Amino acid sequence: MSPSSQTPSPSANRVLVVDDDLELCELISLRLETHGMQVTSVPSGQQALARVARGEVDAMVLDLRLGDVDGLEVLAQARECIPELPVVILTAHGTIETAVEAMRRGAYGFLTKPFQDHELVQKLVHALERTTLQREVDDLRRIVAGAPRERLLGVSPAITQVRSQIARVAPSDATVLVLGESGTGKELAARLLHGLSRRAHGPFVAVNCGALPPELLESELFGHVKGAFTGATQSREGLFGAARGGTLFLDEVGEAPASVQVKLLRVLQERRYARVGSNTEEEADVRVVAATNRDLREEVEVRRFREDLYYRLCVVPLTMPPLRERSEDIPLLAQLFLERAAARNGMRVPRLGADALQLLRDHVWPGNVRELLNVMEAAVLLAASEELRAEHLIHLVQPPPREETAAPEEGGPAPFTFRVQGNEAPLPTLREARDAFERSYLVETLRRSGGNVSAAARMAGRNRTDFYELLRRHGLSAADFKEQGR
């Protein structure tokens, strides 16, 4: 494959070459593209500054002698727009004075024509690496210092795409449905959507729709008037009212009961709602962002979630990638969490050894970023060493040993097992396999807890209301396991 036919990846660094010598621009572009960079060339300083203003540049190669404007002025204006932008200066008229002036104005490097290709490539690679590291360090310091600015950190294509989607969607008032596994940062994405929106000056209000019984959730969301139900001794504004002018985040919206789904549909359609026990409607001046780790399309198919509400919520879908799909980000996130845990506990930040980093990269992270955060917190507290090694982490990241699954009840689905045995056995559908696993898992939690629902729910990492709903869905009774315990 020739150099000119290679296509850089979407995550390649974007380099802008600014020179009125078109042949030189083409030559530089060919050389840089062979190193995986995305290269654009322009012949004038004004065109270059326009691209910088639009945020389309990660690094610049700039000739000092341009027809329309002095290269040093382009350098100064570009650095005003993007202070951390690395710029490599090219000139056929190199003097010590010019080099010193260029460096004083923020240039990263200086090459005199003619120059060797490897010199330019080396300067750009080093400049881009330094800029990336500096941004990461700034992010770490900002978080450790407790700065309020929320960030989705990482350099992986997956998280880069999410940041780009958030930046495009945030300025609108469109309803966003954030999808993803537990622990992937769905609430952080919602806070970013709020912080980058025109409602950023207003409140950000969050509620977990699976944490409250149906009657309390309805009152919590929409408020109630005095006497609406037993115990309503005074009128109360709901979360739609509390979030007025801002953003309301409906976490685990897939857990919302049918009665609440009906009222959510109306408020999204009409932008108005009524408090419980009232006939007077109020305006819903809020932007709604919802999140779920369920497959809502599947929930719609089995009639556990309203189809019309699904389409009202899913105006803009945003999927948070699991940590196993962004392994490039693990070193940065691990260091971030180490810094934060050490600062919170007044301890020295340990170094991450190479074997520890490899162990973290190899782990599948079923709990995603939240699991990594907890592992780093425990590592800071438990490791009595200035360097974290694999031996300090191995017991924190290994999954618990598998135990034999309890026998199924008569008439219930078989326990979840899956072994590759060729094509002789019929393969269950994904839905059947998931239901069988979920039921077997519930049986095991009840067996271990002796039918204690609170304890079983804690094992499963779910709230009591949600756990009772799971038991009802699978026809299980906690009382049966209390009898077995006796």
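The chain contains 20 helices and 16 strands, and the model described here is a predicted one. Of the 486 residues in the chain, 43% are buried. Among contacts between residues at least 6 apart in sequence, 69% join residues that lie at least 24 apart.

The confidence of the prediction was considered before any local detail. The average pLDDT of the chain is 81, and 84% of the residues score at least 70. Two stretches are among those that call for caution: over residues 1-11 the pLDDT stays under 50, with 13 contacts in the model beyond four places in sequence, and over residues 142-149 the pLDDT likewise stays under 50, with 9 such contacts. Where pLDDT is low, predicted coordinates should not be read in detail.

The largest nonpolar core has 31 residues, and the members that touch the most other members are Leu221, Phe240, Leu248, Leu250, Val253, Leu264 and Leu313. Two or more residues of this core are given by each of the helices α8 (214-222), α9 (239-242), α10 (258-270), α11 (296-301) and α12 (307-313), and also by each of the strands β7 (204-208), β10 (247-251) and β13 (287-292). The largest share, 5 residues, comes from α10. Apart from this core lies another one, of 28 residues, which includes Phe337, Met376, Val380 and Leu393.

Within the largest core, Leu221 illustrates how residues from separate parts of the sequence are brought into contact. With residues up to four places away in sequence left out of the count, Leu221 touches Val207, Gly238, Leu239, Phe240, Leu248, Leu250, Val260 and Leu264.

The packing of two helices was then examined. The helices α8 and α10 pack at an angle of about 20°, and their axes are 9 Å apart. Because angles under 35 degrees count as roughly parallel, α8 is described as roughly parallel to α10. On the side of α8 the contact is made by Pro214, Leu217, Glu218, Leu221 and Phe222, while on the side of α10 it is made by Ser259, Val260, Lys263 and Leu264. Sorted by class, the residues of this contact comprise 6 nonpolar, 1 polar and 2 charged residues.

Another residue of helix α8 is Ser219, which is buried, with a relative accessible area of 6%. Not counting residues up to four places away in sequence, Ser219 touches His224, Phe229, Arg236, Gly238 and Val276. One of these partners, Arg236, is 17 residues from Ser219 in sequence, and the two C-alpha atoms are 8.6 Å apart in space.

A further buried position is found in strand β10, where Phe249 is located. Phe249 has a relative accessible area of 1%, and it counts as buried because this value is under 20%. Once neighbours within four places in sequence are left aside, Phe249 is in contact with Lys186, Glu187, Ala190, Phe204, Val205, Ala206, Val207, Val289, Ala290 and Ala291. The separation between the C-alpha atoms of Phe249 and Ala290 is 5.6 Å, although these residues are 41 places apart along the chain.

A contrasting degree of exposure is given by Gln358, which is found in helix α14 (residues 354-362). With a relative accessibility of 39%, Gln358 counts as partly exposed, because this class covers values between the 20% limit for buried residues and the 50% limit for exposed ones. The C-alpha atom of Gln358 is 9.9 Å from that of Ile330, a residue 28 places away along the chain.

Finally, the backbone angle phi was considered at two positions. Most residues other than glycine have a negative phi. Arg303, which is not a glycine, has a positive phi near 65°, and Asn368, also not a glycine, has a positive phi of about 60°. The surroundings of these two residues were compared. Arg303 is found in the loop between α11 and α12 and is exposed, with a relative accessible area of 78%. Asn368, by contrast, is found in helix α15 (residues 368-382) and is buried, with a relative accessible area of 0%.

Conventions: Residues are numbered from 1 along each chain as its sequence is written. This is a predicted model: local features need pLDDT of at least 70, side-chain atom pairs count only at pLDDT 80 or more; totals for chains, interfaces and linings use all residues. Side-chain values use heavy atoms; hydrogens and water are left out. A nonpolar core is a set of buried Ala, Val, Leu, Ile, Met, Phe, Trp, Tyr and Cys residues joined through side-chain atoms within 4.5 Å. Buried means under 20% relative accessible area, exposed over 50%, partly exposed in between (1.4 Å probe, protein chains only). Helices (H or I, at least four residues) and strands (E, at least two) are DSSP runs, numbered from the N terminus. Contact means heavy atoms within 4.5 Å. Axes are lines fitted to C-alpha atoms, for helices over the stretch in contact, and angles run from 0 to 180 degrees between N-to-C directions. Angles under 35 degrees count as roughly parallel, over 145 as roughly antiparallel, 65 to 115 as roughly perpendicular and the rest as oblique. Ala, Val, Leu, Ile, Met, Phe, Trp, Tyr, Cys and Pro count as nonpolar, Asp, Glu, Lys and Arg as charged, and the others, Gly among them, as polar. pLDDT is the predictor's confidence in each residue, from 0 to 100.
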